[in-house]
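Please look over the sequence and the model shown below before reading on. The paragraphs that follow move through the structure step by step.

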Amino acid sequence: MPLHRALYVSDAVGDAATSLLILAEILGESERNNRRDGLTGVLMRHDGRFLQAIEGHRADVDRLLDRLRADPRHENLRLLSDQDVPARLFPAWPMTLAQMTPEAARILNGAALDELSPHRAEALLTTAAQALPIPA
Ligand SMILES: Cc1cc2nc3c(=O)[nH]c(=O)nc-3n(C[C@H](O)[C@H](O)[C@H](O)COP(=O)(O)O)c2cc1C
């Protein structure tokens, strides 16, 4: 079965824009569900928006996108890309939080997350993920 990757930007709602607790809750659910579903990816929160990459089998990615569209912690989910891909970019993480490192900020170059082309958004996430430790 081919691999699929979706990349989206959404607007955080209320406290979800700034709360560490809400972020921790999202990451906890994500790690548990994504392990079960064979999904991997990276999540970034920056300036009130989320940018997330989700990769796995298409049916599992689609099921997660349906849940994400119904989640009141964010809104206006817009897909930047949604396509079959040859390999995972983030095989090490069921889901992890990527910070806006100086290297990633250079790619963002002052733009908002929802102004990025799919290619730049992917480069931003892969660059930010390079700063993360690979889990054992
Ligand atoms: C920005 C954001 C990213 C999320 N990422 C994931 C994810 O990668 N995997 C996941 O299962 N849920 C994720 N969620 C949570 C889902 O929207 C949904 O609440 C959850 O999957 C429901 O899980 P449950 O059926 O175990 O209650 C995310 C939510 C937000 C707001």
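A residue is called buried when its relative accessible area is under 20%, exposed when that area is over 50%, and partly exposed in between. By this rule Arg73, with a relative accessible area of 22%, is partly exposed. The model discussed here is a predicted one, and Arg73 will return below as one half of a salt bridge.

A good place to begin is the sheet. Strands of a sheet pair through backbone hydrogen bonds, either parallel or antiparallel. In this model 5 strands form an open sheet with mixed pairing, and their order across it is β4-β1-β3-β2-β5. The edges are taken by β4, which covers residues 74-85, and by β5, which covers residues 96-97, and each of these strands pairs on one side only. Helix α1, made of residues 20-37, packs on the sheet and touches β2, β3 and β5, while its direction makes about 170° with that of β2. Within the sheet, strand β2 (residues 40-46) and strand β3 (residues 49-57) pair in the antiparallel sense over 7 bridges, and one example of this pairing is Gly41, whose bridge partner in β3 is Ile54.

The record offers one way to mark out a part of this chain. UniProt, in an unreviewed entry, places the feature "domain: BLUF" at residues 3-96. Over residues 3-96 the chain is 32% helix and 41% strand, and the C-alpha atoms at the two ends are 19 Å apart.

Between β2 and β3 runs a loop, and Asp47 is found in it. The phi angle of Asp47 is near 50°, a positive value in a residue other than glycine, and Asp47 is exposed, with a relative accessible area of 66%. A positive phi also appears at Asn76, where the angle is near 55° and the residue is again not glycine. Asn76, however, lies in strand β4, and its relative accessible area of 48% makes it partly exposed.

His46 has its place in strand β2. Leaving aside its neighbours within four places in sequence, His46 is in contact with Met100, Leu108 and Leu113. As a distance to follow in the model, the C-alpha atoms of His46 and Asp66, which are 20 residues apart along the chain, are separated by 23 Å.

The next step is to the interior. In soluble globular proteins, nonpolar side chains tend to be buried together. The largest nonpolar core of this model has 21 residues, and those with the most contacts inside it are Leu51, Leu113, Leu124 and Leu125. At least two residues of this core are supplied by each of β1 (3-12), β2, β3, α3 (102-108) and α4 (118-129), and the largest share, 5 residues, comes from α4. Leu51 shows how such contacts reach along the chain: beyond its neighbours within four places in sequence, Leu51 is in contact with residues including Leu7, Val9, Val42, Leu80, Leu113, Ala121, Leu124 and Leu125.

Charged side chains make connections of another kind, and a search of the whole structure finds 14 salt bridges. In one of them the side chains of Glu55 and Arg5 meet at 2.9 Å, N to O. Glu55 lies in strand β3 and Arg5 in strand β1, so the pair ties together parts that are 50 residues apart in sequence. Where do these two side chains stand, buried or exposed? Glu55 is buried, and Arg5 is buried as well.

Another salt bridge joins Glu29 and Arg73, whose closest N and O atoms are 2.9 Å apart. This pair also links distant parts of the chain, with Glu29 in helix α1 and Arg73 in the loop between α2 (58-69) and β4, 44 residues apart. Glu29 counts as partly exposed because its relative accessibility is 30%, and Arg73 is partly exposed at 22%.

A further salt bridge forms between the side chains of Arg36 and Asp37, at 2.8 Å from N to O. Arg36 counts as exposed at 56% relative accessibility, whereas Asp37, at 18%, counts as buried. Salt bridges that share partners also join Asp11, Arg49, Arg78 and Asp114 into one network.

Conventions
Residues are numbered from 1 along each chain as its sequence is written. This is a predicted model: local features need pLDDT of at least 70, side-chain atom pairs count only at pLDDT 80 or more; totals for chains, interfaces and linings use all residues. Side-chain values use heavy atoms; hydrogens and water are left out. Two strands pair if DSSP finds at least two bridges between them. Helices (H or I, at least four residues) and strands (E, at least two) are DSSP runs, numbered from the N terminus. Contact means heavy atoms within 4.5 Å. Axes are lines fitted to C-alpha atoms, for helices over the stretch in contact, and angles run from 0 to 180 degrees between N-to-C directions. A nonpolar core is a set of buried Ala, Val, Leu, Ile, Met, Phe, Trp, Tyr and Cys residues joined through side-chain atoms within 4.5 Å. Buried means under 20% relative accessible area, exposed over 50%, partly exposed in between (1.4 Å probe, protein chains only). UniProt positions are given in the numbering used here, feature names are shortened, and annotations may be inferred rather than shown by experiment. A salt bridge is a side-chain nitrogen of Lys or Arg within 4 Å of a carboxyl oxygen of Asp or Glu.
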